[in-house]
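Here are my notes on the model you passed along, written as numbered points. Have the structure open while you read.

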Amino acid sequence: MTPLELRHQVRSGQFRQPTSGYCGAYAQANLVILPQAQADDFLRFCQRNPRACPLLAVGEPGQWNLAALGADMDLRSDVPGYNVYRAGQLSAQPLTLHEIWRDDLVVFAIGCSFSFEQMLMDAGIALRHVEQRKNVAMYRSNIPNIAAGPFGGNMVVSMRPMKARDAIRAIQITSRFPAVHGAPVHLGDPALIGIADLAQPDYGDAVAVGADELPVFWACGVTPQEALRGAALPLVITHQPGYMLVTDIPNASLAAF
């Protein structure tokens, strides 16, 4: 299935599930949509926190079809799960955004770690959440973001258990792709980054970590959702964690070296 075919399935309501493991050669994106009045502050937040918020594209006010991300794209309907926050609280999870779309809304597309998963699997590195058809496990950490305007908080991280040799290879592979979070931010003892229990992720699904494995943590594009909740804006729209926008951007084109 091509990214366009997948987006059409999402648009028609046939696909409503996490996108990890789909269209593996193409970049997936986190989505943040907020009013133009807060867009400059959020842009600075992304620029100051590039590990968690690597920008793939930014739209103009009211623009819902960013050509830089793909053909025949409608960001109001082509994401399999949306979250709508009002005053920092989750208020709705609509199937589409058509009824609440406004001409002052600005779209931010942020790189996603799902984008490098196919590269890891091609290198022989097993990904348990993909094998078990689960959403990736995501956790709130104690790693502080650099604040900008009302946006701050701590980094959210995604975790994949790996044997030590695979973790080393994963670092080598992902470090070449800063546009989709780059190298891990931590591996080993989760308590060192403020995570008390790997069996209780804040987002996504837990997976077991074997006795011969290390938990490996990447900066996660859900980080802005925590910052946005803390900012308590009147209206913010995001994807549901793990339910990403699948773009037409080849992952290979994002390599930095």
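**Notes on the model**

1. Let's start with empty space: the largest cavity holds about 60 Å³. Keep in mind that this is a predicted model. The count comes to 2 cavities of 30 Å³ or more. The largest cavity is lined by 13 residues, and those closest to its centre are N30, C112, S113, C220 and G221. As background, rolling a probe the size of a water molecule over the atoms is what shows where empty space is left.

2. Now for the nonpolar packing. Which residues touch the most other members of the largest nonpolar core? They are L69 and M162, in a core of 38 residues. Two or more residues come from each of β1 (26-35), β2 (55-58), β3 (82-86), β5 (105-111), α3 (114-122), α5 (164-174), β9 (214-219) and β11 (245-250). The largest share, 4 residues, is from β1. In general, nonpolar side chains in soluble globular proteins tend to be buried together.

3. L69 is worth clicking on. Setting aside neighbours within four places in sequence, L69 is in contact with L56, A57 and A109, and also with L245, T247, D248 and I249. There is a second, separate core as well, with 30 residues, including A39, I110, V157 and A227.

4. On to the sheet. In what order do the 4 strands of the open sheet run? The order is β6-β7-β9-β8, with antiparallel pairing. At the edges sit β6 (137-144) and β8 (186-187), each of which pairs on one side only. Strands of a sheet pair through backbone hydrogen bonds, either parallel or antiparallel.

5. Inside that sheet, look at β7 (residues 154-162) next to β9: the two pair in the antiparallel sense over 6 bridges. One pair to find is V157 and its bridge partner in β9, A219. V157 also turns up in the second core, so you can use that residue to go from the sheet to the packing.

6. H186 deserves a stop. This residue is in strand β8, which is one of the edge strands. Is H186 buried or exposed? It counts as buried because its relative accessible area is 13%, below the 20% cut-off. A polar atom of the H186 side chain lies 2.8 Å from the backbone oxygen of D189. Leaving out neighbours within four places in sequence, the contacts of H186 are L192, I193, P215, V216 and F217.

7. Next, a hairpin. β3 and β4 form it, with 2 residues between them. The two strands run antiparallel and are joined by 3 bridges; V84 has A92 in β4 as its bridge partner. A87 lies in the loop between β3 and β4 (89-92), and its phi is positive, near 55°, although A87 is a residue other than glycine.

8. Last, C23, another backbone angle to check. Its phi is positive, about 50°, and C23 is not a glycine. Where is C23 found? It is in the loop between α1 (3-11) and β1. C23 counts as buried because its relative accessibility is 10%, and the cut-off for buried is under 20%.

Methods. Residues numbered from 1 in each chain as written. Predicted model: local features only at pLDDT ≥ 70, side-chain atom pairs only at ≥ 80, totals over all residues. Heavy atoms only, no water. Core = buried A, V, L, I, M, F, W, Y, C linked by side-chain atoms within 4.5 Å. Buried < 20%, exposed > 50% of the residue type's maximum accessible area, 1.4 Å probe, protein only. Contact = heavy atoms within 4.5 Å. Pairing = 2+ DSSP bridges. Polar contact = N/O pair within 3.5 Å; in protein donor to acceptor, adjacent residues only side chain to side chain. 1 Å grid on protein atoms, 1.4 Å probe; cavity = no way out; pocket = protein on both sides within 12 Å on 5 of 7 lines; lining within 4 Å. Points joined across faces, edges and corners; volume = space filled by probe spheres on them.
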